Amino acid sequence: MKKFRGILITFAMIIGLVLPLFSNSVAEAKVVTDDEGQQVDIPDSYFVKDVAEKEKSAHQRADFYKPIFTYWADNPNTPLSSINADLAKKMPDFTTFNDFLDRYNRVSHSNGEGNRELFSALAHDPYEFILLGNHGFLDDESVRINSLIYGAIAKPSDMTVYNGTGNAKIQNALSLAFKEWEKDPRFHFRMVNDSQKAKVVVTDLNHDSTSAKSFEPGFQAIFLPTIVYQQCLVQGKIVLSPDIEKLDMNDPELIHTVIHEMGHAVGRPDLI
Ligand SMILES: [Zn+2]
């Protein structure tokens, strides 16, 4: 599934645009299988309220799309406009199934045959696409992220952060990082003292030696998504190198590194 992430996000977003989400009222707890196939526990508060209602509506949407997309995929030279003119107006990218595949193969630079099977399977069962567009009913507050690994963040207005380094210099840099990224009003940060309750765990190689293999020589720090569910970031970690932690509290390199990595936690890509 990994290689199709970009395409899936794009496709899920198209469906999401046509039939947007609504708001709701009761919370629900969940143990789920994340995008890496691991069983993970996601706090109740990360989900939208009234998940059951949303699931029902997603099934209704899937029932609506299913016969249209099934016909479209099974008759790959028939334009969507000949199958359902209203839907085709809302989805201008959906011409014929073959055209659609050609275009996505170009965008994703991938070999077409796997895409044909994937899209055909999803056209026959669009519920999975709708789940992706809804990010598994996690509350993404309608903030969209431009990343190939995730397309949203659970509750970006409440970015909980745990400082697992026990280092006061890092605490200071985190405060500055919060100020920097809160310039974007969609994000708000707060410290928590339990790593389980944190969306961002800040650690170092002393406390997390398993991350050493992810470090390339010369890297000062890395951000690693640790829980991604239905392409929504639930938890990630910032791992700092010993070289960074050695620096003085006010050293611009230390501060810049922490700000930079926290930027990844709110979906900012590296600028090449
Ligand atoms: Zn970076």
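How many helices and strands does the secondary structure of the protein contain? The structure described here is a predicted model, and its secondary structure comes to 10 helices and 8 strands. The protein has 272 residues, of which 49% are buried. Among contacts between residues at least 6 apart in sequence, 65% join residues at least 24 apart.

## The nonpolar core

The largest nonpolar core of the protein holds 40 residues. Within this core, the residues that touch the most other members are Ile 42, Phe 69, Leu 80 and Leu 138. Both helices and strands supply two or more residues to the core: the helices are α2 (51-74), α4 (85-90), α5 (97-108), α6 (112-124) and α7 (127-133), while the strands are β2 (39-42), β7 (221-229) and β8 (232-240). Helix α2 provides the largest share, with 8 residues.

## The packing of α8 and α10

Two packed helices are described by the angle between their axes and the distance between the axes. Helix α8 spans residues 168-181 and helix α10 spans residues 252-265. These two helices pack at an angle of about 55 degrees, and their axes are 8 Å apart. Angles from 35 to 65 degrees fall in the oblique class, and α8 and α10 are therefore oblique to each other. Their crossing is right-handed.

On the side of α8, the contact is made by Lys 169, Ile 170, Ala 173, Leu 174, Leu 176, Ala 177, Phe 178, Glu 180 and Trp 181. On the side of α10, Leu 254, Ile 255, Val 258, Ile 259, Met 262 and Gly 263 take part. By class, the residues of this contact comprise 12 nonpolar, 1 polar and 2 charged.

## Individual residues

Four residues outside this helix pair may be described by their place and their accessibility. The table sets them side by side.

| Residue | Place | Relative accessible area |
|---|---|---|
| Asp 50 | loop between β2 and α2 | 21%, partly exposed |
| Asp 74 | helix α2 | 46%, partly exposed |
| Glu 141 | loop between α7 and β3 | 27%, partly exposed |
| Gln 231 | loop between β7 and β8 | 4%, buried |

Most residues other than glycine have a negative phi. Asp 50 has a positive phi of about 60 degrees although it is not a glycine. Gln 231, also not a glycine, has a positive phi of about 65 degrees. Is Gln 231 buried or exposed? With a relative accessible area of 4%, under the 20% limit, Gln 231 is buried. Asp 50, at 21%, is partly exposed.

The remaining two residues of the table are each paired with a residue distant in sequence. Asp 74, in helix α2, is 49 residues away from Ala 123 in sequence, and the two are 9.2 Å apart in space, C-alpha to C-alpha. Glu 141 and Arg 186 are 45 residues apart in sequence, with a C-alpha to C-alpha separation of 8.6 Å.

Which residues does Glu 141 touch, not counting residues up to four places away in sequence? They are Lys 155, Pro 156, Ser 157 and Arg 186. Glu 141 itself lies in the loop between α7 and β3 (152-153), and its relative accessibility of 27% places it among the partly exposed residues.

Technical notes:
Residues numbered from 1 in each chain as written. Predicted model: local features only at pLDDT ≥ 70, side-chain atom pairs only at ≥ 80, totals over all residues. Heavy atoms only, no water. Axes fitted to C-alpha atoms, helices over the stretch in contact; angles between N-to-C directions. Parallel < 35°, antiparallel > 145°, perpendicular 65-115°, else oblique. Left-handed = near helix turned anticlockwise from the far one by under 90°. Contact = heavy atoms within 4.5 Å. Nonpolar A, V, L, I, M, F, W, Y, C, P; charged D, E, K, R; others polar. Core = buried A, V, L, I, M, F, W, Y, C linked by side-chain atoms within 4.5 Å. Buried < 20%, exposed > 50% of the residue type's maximum accessible area, 1.4 Å probe, protein only.
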